[in-house]
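Dear colleague,

I am passing the structure on to you below, together with its sequence. Please have it open while you read the notes that follow.

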Amino acid sequence: MASGVEEERVRGEDEEEEDDRPQLSAAAMAALLEVLLEQRRDGGEEGEEGGGGGGVELVAEDWRLSQFWYDERTARALAEEVVRLVSLSGPASSAAAAAAAAAVACVACPTLYAYLKASSPDVTAQLLEYDVRFGQYGGDFTFYDYNQPEELPAAMKHAYRIVVADPPYLSKECLEKVAKTVSFLAHPEGSFLLLLTGEVQRDRAFELLNVRPCGFKPQHSNKLGNEFRLFTNYDPEDRLGGWEQNDGATV
């Protein structure tokens, strides 16, 4: 992972540079995913331990894609909160309804997905990621480019009660597009939203997604120069530090 000046440069890329990122065609994406899945079946691709151990495997960070994995403390705290939210869905009238009620969408946060599946493999979770190396997760992986925020399978529309999103860049444009993705994924009758992004996005995050900062401060395996925050659309109360009081957001 890059650090210091490189972190600032990656996190602060201008919109033109982001738009220049190459995009794969649907046919090329399908072919690449098939290769990755074949490698996984043959044992040809092994993840690297990420976030501090515990047997959780991730591919190596690619700073060119603005990838910075959470440290173990952060990943475990988030996974525990997601599992608690899943339990709040309560009993459902059918297996299909139960699966929908408990479904979790992890938008550009593979560390959380990995820890969540390691600790609670029965939780239904989908990882939306641009990096096709995560195709090793098989059907739990969906290719996601925030520049096309709603170019996702129709079955995913309004299908998630729990959405966790970590926009890859700290630009206004990136957060606005990820907010569209969140709206696409979130269940119309209400969803729990956890947003991980920089402190600099505090007011904009509230305006777009009605989320407030929590006392819990997420950290990364390799320290970032930007202050990172967790925002939620519900008050975790005695968990995750609860909502900050008098957080200073323009409300």
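Which residues of β4 are buried on one side, and which on the other? Before the answer, a word on the source: this is a predicted model, in which local features need pLDDT of at least 70 and side-chain atom pairs count only at pLDDT 80 or more, while totals for chains, interfaces and linings use all residues. Residues are numbered from 1 along each chain as its sequence is written, and side-chain values use heavy atoms, with hydrogens and water left out.

On one face of β4, A125, L127 and E129 are buried, and on the other Q126 and L128 are buried, so that both faces are covered. Buried here means under 20% relative accessible area, with exposed over 50% and partly exposed in between (1.4 Å probe, protein chains only). The strand spans residues 125–129, and five of its five residues are buried. Strands (E, at least two residues) and helices (H or I, at least four) are DSSP runs, numbered from the N terminus.

As for its neighbours, β4 pairs in the parallel sense with β3 (residues 104–107) over four bridges, where two strands count as paired if DSSP finds at least two bridges between them. Within this pairing, V104 stands opposite A125. The chain travels from β3 through helix α6 (residues 110–119) to β4 in a right-handed β-α-β crossover, a term which means that, with the strands pointing away from the viewer, the path from the first strand over the helix to the second runs clockwise. Strand β5 (residues 141–143) also runs parallel to β4, joined by three bridges, and F143 in β5 stands opposite E129.

Turning to helix α8 (residues 202–209), R202, A205, F206 and L209 are buried there. These residues lie on the same side of α8, because they cover an arc of only 105° around the axis, the arc being that of the directions from the helix axis to the C-beta atoms. The buried residues of α8 pack against α7 (172–185), β7 (192–198), β8 (212–213) and β9 (228–232), with contact taken as heavy atoms within 4.5 Å. Just after α8, N210 has a positive phi of about 55°.

In the loop between β6 (162–165) and α7 lies S171, which counts as buried because its relative accessible area is 12%. The C-alpha atoms of S171 and V200 are 9.5 Å apart, although 29 residues separate them along the chain.

With kind regards
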